[in-house]
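Visitor: I am new to this structure and would like a close look at a single part of it. Please take your time and connect that part to what lies around it.

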Amino acid sequence: MKLHEYQGKALLRKAGLPVPRGEVIFTAGEASKTLQTLGLEKGVAKAQAFTGGRGKAGGIKLFNNATEAEQVSSKLIGMTLVTHQTGPSGVKIEAVLLEEQSKITRELYFAVTLDRAKANIVFILSPDGGMDIEEIADKTPEKILKLYPEWGKGPDDALLKQAASFLGLNAGQATQFGDVARKLYDLYVSKDCSLLEINPLAVNDAGNLILLDCKVTIDENALFRQTDTGGDPDAEKDPGEIEAAKYGLSYIKLDGNIGCMVNGAGLAMATMDIIAHYGAQPANFLDVGGSATEEAVTKAFEIISSDKNVKTILVNIFGGIMHCDIIARGIINAVKNTGLKVPLVVRLEGTHVEEGKALVNASGLDIISADDLEDAARKAAKTVETAKV
Amino acid sequence: MAILIDANTRLITQGITGKAGLFHSQKCRDYGTNVVGGVTPKKGGTTVDGFPVFNSVAEARKETGANATMIFVPAPYAANAILEAADAGIELIVAITEGIPVVDMLKVHHALKSKSSILIGPNCPGVTTAGVCKIGIAPGPIHKPGKIGIVSRSGTLTYEAVHQTSQLGLGQTTAVGIGGDPVHGLSHVDVIRMLNDDPETEGIVLIGEIGGSDEEIAAAYIKEHVKKPVVGFIAGASAPKGKRMGHAGAIVDGNAGTAQSKKDALRAAGVTVAETAAEIGRKMAEAMKR
């Protein structure tokens with residue numbers, strides 16, 4: 001779950017880290033009062049969106065007084081921000097962070113994240129902050145340093161010394177950096193982060209470190225105990241994805257025209273891949289999971305069918321914990337409820353496969369049966385091809 | 001021979017009084033696994049369907065001589081269940097539970113460094129030595145004793161590979177689902193090493209997916225050490241960047257962990273890469289003839 005900049009900064013501030021004075025507003029009318037509370041006259045208004053490149057796209061504006069703050073906020077709130085990361089459809093801005101403007105002399109990069117191969121927390125550092133880390137990695141990989149604090153202990157003096165020297169910090173800044181690094185490490189663990197990215201970690205005109213922008217992502221598996229981060233787990237999901245989650249289904253909408261219903265994440269991906277292999281495109285990822293009920297299967301079928309791009313539905317089930325007869329009943333129910341407007345290809349294998357196939361056959365519905373994964377993908381791709389002609 | 005589990009495996013189930021825990025304990029017993037009991041705190045002294053229930057893993061081990069455990073404990077408590085099993089000296093810990101926080105798994109990973117226990121999973125289907133012993137949730141009947149070793153991050157793709165190799169008469173020695181989480185116990189390379197050393201295993205299927213670098217690390221090992229034929233399959237070539245595809249670990253971050261980079265690494269190591277999941281068995285049969 002991604003946090004907005006203002007939510008992330010609230011966590012950082014609470015942890016005692018130096019972030020600029022600021023406050024979020026959701027309507028332009030709040031600007032004047034908010035600035036008064038903050039004791040700010042001029043400053044910067046930052047559109048809150050899960051994307052980089054906000055500045056270039058016009059999502060960050062300066063203001064000199066409360067009237068200007070209100071003007072820029074009213075332009076930002078409700079606008080659709082299109083950046084190099086959002087794609088052409090952009091993202092709608094619903095909130096603006098009003099913040100004091102920091103005069104800065106340097107921009108550094110500091111991220112805390114997981115190194116999967118090492119099964120350890122990693123610090124990623126660069127003296128060239130302010131741009132995407134991918135860009136630094138591409139152009140000047142020698143300007144990136146990875147350091148591994150010892151699990152359970154956090155960064156020690158030797159690691160901090162190495163980091164400060166790599167970043168080119170003076171003695172005072174190095175001490176501040178040590179404090180920042182230790183606090184970020186603790187925050188990463190205590191808040192179940194999967195990413196804590198400070199970019200830039202800036203040096204201001206007084207020579208002090210300040211955390212100017214942040215990207216914070218919380219581990220979705222830990223949301224049961226991370227209930228006060230302010231984040232919205234559904235913020236980036238499409239309505240179908242939110243609806244699916246209620247039934248324990250894992251659904252991701254894609255751009256193709258073959259709707260898929262599969263059990264297991266790996267097989268669901270492999271089903272998308274094989275559809276693409278035979279020249280068609282998957283309309284979605286959908287894992288019904290291992291313990292779905294008949295009702296959830298019916299729901300899954302309805303969600304797939306409601307996607308207007310879907311020209312064919314492919315059901316691919318390898319029953320393990322999931323029983324094929326449950327899938328069959330769910331599909332038959334769904335078709336009886338909503339009708340079947342597109343070709344339906346079904347491949348069943350594994351636990352209770354005979355019962356499942358018998359139900360499908362007895363249903364009298366116009367279902368295209370497939371013998372195996374290959375047969376299923378070929379038949380599904382063919383229906384789409386025929387439809388084109 | 002096979003690897004990890006055999007006729008000497010004595011299994012307990014942590015969370016045996018839960019619906020899934022009991023159901024799969026029964027299925028494992030039906031398959032022939034020696035399921036010697038289970039653990040549910042505060043329910044010690046009772047029995048469920050003939051399985052004696054204990055309050056702790058230590059007690060269960062003392063009373064039953066258990067040397068393996070499968071964990072169905074809910075995600076918020078699962079990490080502690082793994083640590084409890086390790087503290088009790090259980091040799092093989094198979095964690096089926098899905099949804100354990102990464103920070104909890106980091107804690108487990110570092111704690112296990114000083115223990116002798118082997119961890120498989122979490123978020124995995126378990127391990128099956130065909131015809132002999134099954135730990136976990138895989139459908140038993142699709143397995144046929146034979147000569148192929150299988151290692152996979154995905155449950156249903158494991159079944160797919162097992163089914164195909166059974167249908168083609170190759171059969172399996174041991175199939176291991178290592179799980180779909182970013183921080184986990186045995187990795188591809190660990191299992192490949194075991195299968196390579198196992199005289200009964202004549203061919204190896206490696207199934208990976210987008211995210212992380214487990215497959216690349218395994219490829220480097222295969223290139224150096226493995227003479228047996230290896231068939232690889234990587235799921236997720238058509239998945240969009242930056243989206244988590246069901247499994248917590250299945251995500252392409254920036255340009256790292258793509259299906260293409262994994263396939264390239266495997267090919268460079270001499271592995272036959274199956275282009276679709278439907279041809280895993282066929283490719284294995286072809287590779288065995290060479």
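In which loop of chain A is A:Gln48 found?

Guide: A:Gln48 is found in the loop between E3 and E4 of chain A, and since this is a predicted model, everything that follows describes computed positions. Although A:Gln48 belongs to a loop, the residue counts as buried, because its relative accessibility is 3% and the cut-off for buried is under 20%.

The surroundings of A:Gln48 can be described contact by contact. Leaving aside residues up to four places away in sequence, A:Gln48 touches A:His4, A:Glu5, A:Tyr6, A:Arg54, A:Ile93, A:Ala95, A:Val96 and A:Leu97. With one of these, A:Glu5, the contact is a polar one between the two side chains, at 3.2 Å. A polar atom of the A:Gln48 side chain also lies 3.1 Å from the backbone oxygen of A:Lys46.

A:Lys46 leads us back into strand E3 of chain A, which covers residues 43-47. Five of the five residues of this strand are buried, so E3(A) is largely enclosed by the rest of the structure. E3(A) pairs with strand E4 of chain A, residues 60-63, in the antiparallel sense and over four bridges; in that pairing, A:Lys61 is the bridge partner of A:Ala45. E3(A) also pairs with strand E7 of chain A, residues 96-99, again antiparallel and over four bridges, and here A:Ala45 stands opposite A:Leu98. A:Ala45 therefore has a partner in E4(A) and another in E7(A), while, as a general rule, the side chains of a regular strand alternate between the two faces of the sheet.

Charged residues form a further layer of this picture. A:Glu5, A:Lys9, A:Lys46, A:Arg54, A:Glu99 and A:Asp213 are linked in a network of salt bridges, and among these members A:Glu5 and A:Arg54 are also residues that A:Gln48 touches. One salt bridge joins the side chains of A:Glu99 and A:Lys9, with N to O at 2.7 Å. This pair links distant parts of the chain, for A:Glu99 is in strand E7 of chain A and A:Lys9 is in helix H1, residues 5-14, of chain A, and they are 90 residues apart. Both A:Glu99 and A:Lys9 are buried.

For contrast, it helps to look at another salt bridge of chain A. A:Lys237 forms a salt bridge with A:Asp234, where the closest N and O atoms are 3.9 Å apart. A:Lys237 is partly exposed, with a relative accessible area of 30%, and A:Asp234, at 31% relative accessibility, counts as partly exposed too. Over all chains, the structure holds 34 salt bridges.

Finally, a word on how chain A meets its neighbour. In the contact between the chains, 54 residues of chain B are in contact with 46 residues of chain A, and the area buried between them is about 3700 Å², of which carbon and sulfur atoms give 66%. Three salt bridges are found across this interface, and the side chains of B:Glu160 and A:Arg347 meet in a salt bridge at 2.9 Å, N to O.

Notes
Residues are numbered from 1 along each chain as its sequence is written. Chains are lettered from A and ligands numbered from 1 in the order in which they are written. This is a predicted model: local features need pLDDT of at least 70, side-chain atom pairs count only at pLDDT 80 or more; totals for chains, interfaces and linings use all residues. Side-chain values use heavy atoms; hydrogens and water are left out. Buried means under 20% relative accessible area, exposed over 50%, partly exposed in between (1.4 Å probe, protein chains only). Helices (H or I, at least four residues) and strands (E, at least two) are DSSP runs, numbered from the N terminus. Two strands pair if DSSP finds at least two bridges between them. Contact means heavy atoms within 4.5 Å. Buried area is the accessible area (1.4 Å probe) that two parts lose on being put together, summed over both. A salt bridge is a side-chain nitrogen of Lys or Arg within 4 Å of a carboxyl oxygen of Asp or Glu. A polar contact is a pair of N or O atoms within 3.5 Å; within protein, one must be able to donate a hydrogen and the other to accept it, and residues adjacent in sequence count only if both atoms are side-chain atoms.
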